[in-house]
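Me: I am new to this structure and would like a close look at one part of it. Please take me slowly through the salt bridges and tell me which parts of the chain they join.

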Amino acid sequence: MFRHRPSPRVRLPAAPLLVGAGALWSLLWLPRLLQGRWHFGVLREGHGGSSQVGLLLDAAPWLAEPQRLEAATGRTRLSLLIRADDAQRFPAGVRELADAGHELVLRAASGQAIARQRRALEDCAGTAVTLVLPAAYWPWTLRHLRRAGLRAVQPGLSGPLPALLEETEPGGLLNLSSLESPELSSLLATLGERDYKPSPLGALEGLRTETLRGLLQRIYRRVFDQAFDRQHHILKLTQRARALFRISRRPYDGPVLQGERTYLPGTPAAELHIHSKRLVALAERSALTGLRAVQSSLYDVAKVLDEQEAYQDVQIVYALTIFAEVLTPLGFHSQPLDNPRTARIMAFFMNLLRVLYGAKNTDRRVILPQIIWMTRQELLTRYTRPARKVAAKKTAEQ
């Protein structure tokens, strides 16, 4: 008798299969990270030295009655997200919004030809469409957009009204789609009070895609700056478009300060922290622009010292900085650190931050950080608004 012998099984090596599957998964997933989350190759923001802020809004709730949007926004022009299907349902509303000067941004659906969606929106609007918000990013998405003559935009910062106002940055992009008509009007009014200039995304000065430096700045601010702010109970004074300072109420912990009076470690003080990204962006426009922004921001600091109860015992305002030569003309005294080794270490890290934020070096000197400081009375005398000075004088006379 013959015994049946089973044929040998063919075993494929597991490691190459796993590597291949991982590579395919990465290929499909990577664009969602690079373009969808990090915004490489996607229009993200304008120049931070401008006071502009881009406004993006889903037009779907307003297409049936476009006059409601005009009533809520007044003369402010926005970038409006519109799907091709919605445009074909409400062609009159789309044409009215386009004629009013709003910028139209295609909200592209998945699985449909981008060029066809663009033509459908342009036919309804009677104007050219150059920007698009894709529903998803695949390895071929940006290539298809370029062929269709479109540039991808990021969806913008979204959320409730307080969060939008808290996180607004010059050159940034706000998505207002979650706001109702009264909130929309309130946001625009508040932005105007804070010296912002709302505009469509395409009108932002220096509009650009993300860069590696920009991504590192965002990571640094999220990981280190925000943690530092929470730990030290930082008070942000950066609501205005060109406001630069944050302050914290803490005992002074530097070298002994020698002026008309001597100030020892432990003296009640307010420490200044600069908004580095804004300062660098303003200085790119001109050194005078940056200096004026610092000067106007000191009025915000004086207002806090004058009005907030937690800062009534503050005797000095100080900062550790490598820009002492620039700031002393604004009324600050300057003093070197006691320990030269500590100064060199601090200079190394401060200059790393200058590189991170793209500051242009004016010379090759190694600038050591110094303590700059000003007494409470000096600050209030120099930087209290004139109207409040008159009111304080009348109160004192009475």
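Reply: What follows is a walk through some of the salt bridges, one pair after another.

This is a predicted model, in which local features need pLDDT of at least 70 and side-chain atom pairs count only at pLDDT 80 or more, while totals for chains, interfaces and linings use all residues. Residues are numbered from 1 along each chain as its sequence is written, and side-chain values use heavy atoms, with hydrogens and water left out.

Side chains of opposite charge can pair when their charged atoms come close. A salt bridge here is a side-chain nitrogen of Lys or Arg within 4 Å of a carboxyl oxygen of Asp or Glu, and the structure holds 22 salt bridges.

One of them pairs R208 with E45, whose closest N and O atoms are 2.3 Å apart. R208 belongs to strand β9 (residues 208-209) and E45 to strand β1 (residues 43-45), so this pair ties together parts that lie 163 residues apart in sequence. Helices (H or I, at least four residues) and strands (E, at least two) are DSSP runs, numbered from the N terminus. For accessibility, buried means under 20% relative accessible area, exposed over 50%, and partly exposed in between, with a 1.4 Å probe and protein chains only. By that scale E45 is buried, with a relative accessible area of 8%, whereas R208, at 26% relative accessibility, counts as partly exposed.

E45 also meets the side chain of K277 in a salt bridge, at 3.4 Å from N to O. Since E45 lies in strand β1 and K277 in helix α10 (residues 276-285), the pair ties together parts that are 232 residues apart in sequence. K277 counts as partly exposed, at 27% relative accessibility.

Helix α10 appears again in the salt bridge between E205 and R285, whose closest N and O atoms are 3.1 Å apart. This pair links distant parts of the chain, with E205 in the loop between β8 (197-199) and β9, R285 in helix α10, and 80 residues separating them. Both partners count as partly exposed, E205 at 36% relative accessibility and R285 at 37%.

Finally, salt bridges that share partners join R44, E45, R208, E210, R218 and K277 into one network. Buried E45 is thus a member of that network, together with its partners R208 and K277.
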